[in-house]
Amino acid sequence: MKYLKVFIPLALVFSLSLGLLIKDSFKTEARRKVAGVKKEKNSSQKKTLSKKTAANSKSNKKEESTSNQSLARPNSIKAIVNNLKILRRCHLKENCSYSKELPESYMVALADDTAFQLSQLETLVKKQNLKRKFLENIAFEFMKWDMGHVKLEALRLASTQEKSTKMRNFILTNIIDHYDAEIITPAALELGRYDSKEDRAIIVNHFVETMKTGSPFVSEELAKLSGLFINSESKGVFESALKELKANTNTFKNLESALSEYAKRLNAA
Amino acid sequence: MKFFTKIIVLLFINSLLASTALSASTPNYWQCYSRKGGTWGTFGTVPSTCLVDHMQSQESVKGQYSPLIFRDSQSSTTERRRYMTELNAVVEDVATYYLKRRKPGVSQAEIDGFTYGMKALLHQETGWTHYRQATDNKVRYMRGDYGHGHGIMQVDDRSHLLALKQGKGVDLIENMIYGLDVFYAAWAKAPSSGCSSSTNYTTRTRSAWSAYNGGSRRICRWTNLRDRYAEHDKQFYSKYRKASWNSYITDSRKPSSLDITCMVEGTRPCLPGSSSNVDTAEYNKLYQNSRGDYCVLKSSNRLDCVRSLNDVNCLQAREKQSYSGSSKLSKAAESKYSFINLDRHGLCKSNITGLYSLGNTIEINKNINLRRNPGGARLTTLKAGNSYDVLDFQVTSTSDQKRYYKVKSGSHIGYLYAGDANDYDEWAELVHAGNPNGLAENGDHVEVVAPYGINLRNSPAGSLVERIQKNEIVKVSDVVIQGDKKYVYYKITSEDGLVGYIYTGNLSEPSIDQWTQLAEENISTYAVLKQSLWYRFLKSCDSGSCDYIEHYVKGPGFNSTCQNQDCSLKGEKFKIIRKSNGFYLIKTSMGIEGWISREDIIRL
């Protein structure tokens, strides 16, 4: 009987923590499916992190004025859209219960959750072949966020929707102008859908400006992809840009090679 | 007692299982091996440091960055002064290079303000600490913020993991440039943020750092003294005002030891930064022209050139000598000489003992790390006994002829070390002398698909024989690969019986299928994307929840943009390998494999 006094409260504490962890585990299990950035963790890493996360969230619940509701299971478009609204508010007001232990902790955790919700949304929208204005607006909203993996998921959502001038401009200013070279290839392919003369002129001009004055890593990547956009109308613009690039750079060499390949194709090599 | 013990054990095990599922981000000190401490408040030795080896080899760091490594074996006072003076020269060059590139025509005042801001940032983030060589002779790099911050700019692995996996944490220059990309975004935005003007570089730096530290929404954080992180901004400003790094810099005019443009935008390895310009070339010396080619004087008015410094090893092997010096040719010098670009494939194959060629299949005899580039970030470890197609090669030394091969393993493409002139067969051996993946083998038939046909020439890029028309099927009898972009030529026999060479794209960009495609008899194994689709990224496995890989196939949606037949945004044909779970494993014309949903394709 004397053990009961010790073990019953202990068992209750464990049960309570188990319940909380089970509640979170769905979200976490799903998170693991998010493409790219969060793969390749081993189990020992997960253990270390989980202890820290649990500790952080405990302390934060005391410190922060928690205004966010918990996110719903992302099994329908409606649920995900609602989750994204909550996450957007968390971004604007910065008053949700993500860790604020370090200056960047809050946004890092928020971005992870947001990228996951967007990836789930893209899967469902693609499955249902749904084209809706509100989905475009979601893509616009999250393409503006700083974090590359959120931008990438927003771009993937955008690719499920009809093309529009607004979308074209959003991709150019929020992805091509950003410094994350990893998301340049999907963005360039998406821009390949914009095939009117006017679209092409705007895209090509934007590309060459970025090659000249953008982030060095992005410039090199764009030059590699320039071959996809070279035709009789854009050739002159790319050739002029080549003259302004430094000849000993990979951006120059990649663009020069793309132009040479184009010339070969026209002249049957 | 037994009952309660069981409950406790069960609950404990359950809680552990649940906790392992909780993973939102990287753990503290992710990929930090053999961590060492340091001293707070000192320049160049702030804790902690972790081995560079998972991203860069020790040899590669020591070779490229020797003057920029803080050596613990030296007297700390002298070493700190030497280190800070060398690093200061590089920081000034990097900041100037970066701002001039992003903002052509920028004023000197802004360059000075930006450079000063960068120095303060380096002080606040890491005390100018990056590479350190401890007494065990191993080079480590700086990891702060419980190991989440990587390198001198403290790039955080929780928000920039993809960039860090590409080596932007460990490599000093890439770390600086990536960090400056983030800092500059805020620097450019600061004048319109309401808390700084464009010419007040103090407030502009404070704004840019607040955003660098807390995210772009916190750009004016430094103006709010009651902010949760106001102390951080206060500390930064104190460092900014005191500029105490200056006390350790003994020569503020010392030239940088690195050629920053080459290190950032060129092909490494690079020559040192302080090469002089010369008007006349001399024998037995190495020169660099304005295209970045490396050249040696072959006769009184001719220089032989290669495109990369590694290929100079093949040139030196040919001439059986080492070229001294590393000058740049002036414009006047360039007008005096003719420049002959040598084909690296032929040059290296003929002069490097036991070097395998592109398209050869090799079997490795040891477990070998696959790296993003020679001596660069480790991607995976390849197992002894496995075979790989050689996609490219790099020879990294002349005397012992060390070589690396570029190969593909799963979704990874990188370089494996394969020994030197004396032991290359202990590392890898030739199992098949075929052609690179995606190219025709000798004896195969290919169909010309280029819209205007392809000219048949008497040698690769030689004189015209006749034009092979689109849809003509020709027989391949040899494959020749030339140039740094790996231009591919098929030696063919035409339907009329003429023999010669046709160009068929290059291996640097996926362009082979735009010129010729294998004329397969069993066409039912081929497929294209559905008519309405523009492109699809491939997945790593056969489920909707699997990751996308970086490779894609273009769909017929793009064909409308190529109506005049002169662009390469066209749909492509790919081969189906197998079916599983509503997905197809496909192989593109460039030999890339990946999964794609059954709903997205049409079998031919």
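Contact, in the exercises below, means heavy atoms within 4.5 Å, and the structure they explore is a predicted model.

**Exercise 1. A sheet and a helix in chain B**

Task: State in which order the six strands of the open sheet in chain B are arranged, and find which strands stand at its edges.

Solution: Begin with the order, which reads E7-E11-E8-E9-E10-E12 in chain B, with mixed pairing. Next, look at the two ends, where strand E7 (277-278) and strand E12 (338-341) of chain B each have a single partner strand, so that one side of each is left without a neighbour in the sheet. Then take one pair from the interior of the list: strand E8 (residues 285-288) of chain B runs parallel to strand E11 (residues 324-329) of chain B, and three bridges join them. Within this pair, B:Lys285 has B:Ser324 in E11(B) as its bridge partner. Finally, add helix H10 (residues 312-319) of chain B, which lies across E8, strand E9 (294-299) and strand E10 (302-306) of chain B and runs at about 25° to E9(B).

**Exercise 2. Two helices in chain A**

Task: Determine how helix H9 (residues 197-213) and helix H11 (residues 235-244) of chain A are oriented to each other, and which residues meet.

Solution: The axes of the two helices come within 10 Å and cross at roughly 10°. Angles under 35 degrees count as roughly parallel, and H9(A) and H11(A) are therefore roughly parallel to each other. On the side of H9(A), the residues that take part are A:Val204, A:Asn205, A:Val208, A:Met211 and A:Lys212, and they meet A:Val237, A:Phe238, A:Ala241 and A:Glu244 in H11(A). Sorted by class, this contact has six nonpolar, one polar and two charged residues.

**Exercise 3. A strand pair and a loop residue in chain B**

Task: Describe how strand E29 (residues 535-539) pairs with E30 in chain B, and decide whether B:Asp600 is buried or exposed.

Solution: E29(B) and E30(B) run antiparallel and are joined by four bridges, with B:Phe537 standing opposite B:Tyr552 in E30(B). Six of the seven residues of E30(B) (residues 548-554) are buried, so this strand is largely enclosed by the rest of the structure. Turning to B:Asp600, one finds this residue in the loop between strand E33 (593-597) and strand E34 (601-603) of chain B. Its relative accessibility is 12%, and because buried means under 20%, B:Asp600 counts as buried. As a last step, consider its surroundings: the side chain of B:Asp600 makes a polar contact with the side chain of B:Arg536 (2.9 Å), and, leaving aside residues up to four places away in sequence, B:Asp600 touches B:Val528, B:Leu529, B:Lys530, B:Leu533 and B:Arg536.

Conventions:
Residues numbered from 1 in each chain as written. Chains lettered and ligands numbered in written order. Predicted model: local features only at pLDDT ≥ 70, side-chain atom pairs only at ≥ 80, totals over all residues. Heavy atoms only, no water. Axes fitted to C-alpha atoms, helices over the stretch in contact; angles between N-to-C directions. Parallel < 35°, antiparallel > 145°, perpendicular 65-115°, else oblique. Nonpolar A, V, L, I, M, F, W, Y, C, P; charged D, E, K, R; others polar. Buried < 20%, exposed > 50% of the residue type's maximum accessible area, 1.4 Å probe, protein only. Pairing = 2+ DSSP bridges. Polar contact = N/O pair within 3.5 Å; in protein donor to acceptor, adjacent residues only side chain to side chain.
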